[in-house]
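Hi,

Here is the structure I said I'd pass on. Have a look at it first, and my notes follow below.

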Amino acid sequence: MRVMSAQLAPVSATSVPEGTDLVEWYYERGYSDGLPVVPPTPAKVAAMLEALGGEPQQLEARVPPRWGGLTREVLAINMVMAGCRPEYAPVVRAAMLALCETAFNLNGVQATTHMASPLLVVNGPIARRIGMNAGCNAFGSGNRANATIGRAIRLILLNVGGGWPGDLDKSTLGHPGKYTYAVAENEELGLLAPYHVEKGFQAGDSTVFVMAAEPPHSVTNHVANDPQGILDSIVSAMSTFAHNNAVSSGHCAVVLGPEHATTISKAGWKRHDVKQYLWTNAHNTFGQVAFNHRYGKVYNRSLPVWYGRELDSRIPVVPSAENIHLFVIGGEAGRFSAFIPGWGHMSSPVLREIEGKGGPAAAGPRCVDGTCYL
Amino acid sequence: MHDGFSLESLGVPTAVIVTSTFVHEARVQREALGMQGIVPVVIDHPLSSISDEEIRGRAAQALAQVIGVWRGTQPDPA
Amino acid sequence: MIQVYDPRGVVGAEKKAIAARVTALDGLRLGILDNTKWNANKLLRELRDQLKAAHPLAEVHYYRKESFSKFAAPELIEEIRRDNDIVVTAIGD
């Protein structure tokens, strides 16, 4: 739900006696993701609010399924609790606005029994400026920006959105990304065009990409010295009927580690080539996703009508190469990549400019006729 | 729940069927939407993995409740 | 005293009333909205048959959402509103 220029009442100011253990207090109130939060102080909240442009009662979004009002003040409070620095504020706000766009269907993502959790990938100059990690261990720990930006999003989904496990969040298993799941693309190495440029933004624009995602599935290939060999390993990871895309369609992501991306880039392959190769080769048979009709005849209305419904019909893992969101991320040593399945057709990833209008740059995509496959 | 809210807002009495595990969420959603008057119809969980015979039973379980919702006589289970 | 903060934000929706109720089902147009979750269609078809057997409905219309998880498209909601007097929808599970 998007609300323009609305104002809400400030959060009620409460105080506790000096000497109260604040970390425990926030735990006891049920405002924590399980880890200790940073107790907000007036100074920290003010600094965060200033980074957001002031106007504490300005409503940025309502967060489902509770539809709590995410005012700038509430956004600031959660960011401080997460341990964010004020310069991360534009990223967290843009991410929340992207998540609350109708197409993302945050209501569904919050409530589902599937383990999907929002994955955030940041592109453009802001990533480097605020010190995000796009290199070694990007999906791991040790970087304040990655850790706290992802955590702020989760705290908001919990506190404002009400997505508490066992309550409105019905995820059967959950996954570690529900603590934090935020990275930046490794644009510095210049191996492939950046993701946001492929989608029509200028390199100097900064963007957030959000997708409801399973954890990354590691793809190891220490042998191939050509694009096909490396991509065949990724195809292998994609061609299983265990992940949600297989039975629920939708979008997925593929992350190329820099060593793999170097091999691919040196062979002259572009983003388009990689995505098309993956899409053309990754497949299941319809029989696999229908369990060979063992439990009754299956049609599966979640899959596009044009998929074959014979047992031996070869069906794609996602409906098009454009449903594969490709990123170069990680450290320069190690021949690894990753496949990141999505939730399904029920949610669409969202790409949004940070502090912008939302949508590709005004100049529009420059490669509409395929003349510059990026 | 949201579709029921939309239709009720437009003047159409709408019976929303949920399974028993969903009742809590139904309560939260109607409160968040500001429409406390929505009375959900509740059938036993699960629906997805049961036999056709059991589905017939669920329909029978829902029948009187659905009519009650349209008439305004159905007590609130949530 | 030390200040503490509430990170939850306010849930504030203006209260909305439900539609007026009906007294009898005779001669009414029934709309059935299937959200396409597993077995919702079977449940709703059963219910439809039981309703038709017990009440003289004027018309019955069956609608399917394009995605079980998203809200129904505004055009679909408007079509349902226009062509029906009462609606049943399933399934929230």
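Let's start in chain C: helix H2 (residues 74-83) lies across strand S2 (29-34), S3 and S4 of that chain, at about 155 degrees to S2(C). Bear in mind throughout that this is a predicted model.

Those strands belong to something that spans two chains. It's an open sheet of five strands, ordered S2(B)-S1(B)-S4(C)-S2(C)-S3(C), with parallel pairing. Strand S2 (41-43) of chain B and strand S3 (59-64) of chain C are at the edges with a single partner strand each, so one side of each has no neighbour in the sheet. From one strand to the next, the twist averages 20 degrees.

Where do the chains join in the sheet? Strand S1 (residues 14-19) of chain B and strand S4 (residues 86-92) of chain C run parallel and are joined by four bridges; Ala15(B), for one, has Val88(C) as its bridge partner. Chain B adds a helix here too: H3 (residues 52-71) lies across S1 and S2 of chain B plus S4 of chain C, at about 170 degrees to S2(B).

Chain C also meets chain A, with 17 of its residues in contact with 34 of chain A. On the chain C side, that's eight nonpolar, six polar and three charged residues. Three bridges link strand S1 (residues 14-16) of chain A to strand S1 (residues 2-4) of chain C, and these run antiparallel. Thr14(A) sits opposite Val4(C) there.

Finally, helix H4 (residues 89-99) of chain A is mostly covered, with nine of its 11 residues buried. Among them are Val91(A), Val92(A) and Ala95(A), which are also among the residues touching the most other members of the 149-residue largest nonpolar core.

Cheers

Methods
Residues are numbered from 1 along each chain as its sequence is written. Chains are lettered from A and ligands numbered from 1 in the order in which they are written. This is a predicted model: local features need pLDDT of at least 70, side-chain atom pairs count only at pLDDT 80 or more; totals for chains, interfaces and linings use all residues. A nonpolar core is a set of buried Ala, Val, Leu, Ile, Met, Phe, Trp, Tyr and Cys residues joined through C-beta atoms within 7 Å. A residue is buried if 20 or more other C-beta atoms lie within 10 Å of its own, exposed if 12 or fewer, and partly exposed in between; C-beta atoms are placed from the backbone. Two residues are in contact if their C-beta atoms, placed from the backbone, lie within 7 Å. Ala, Val, Leu, Ile, Met, Phe, Trp, Tyr, Cys and Pro count as nonpolar, Asp, Glu, Lys and Arg as charged, and the others, Gly among them, as polar. Two strands pair if DSSP finds at least two bridges between them. Axes are lines fitted to C-alpha atoms, for helices over the stretch in contact, and angles run from 0 to 180 degrees between N-to-C directions.
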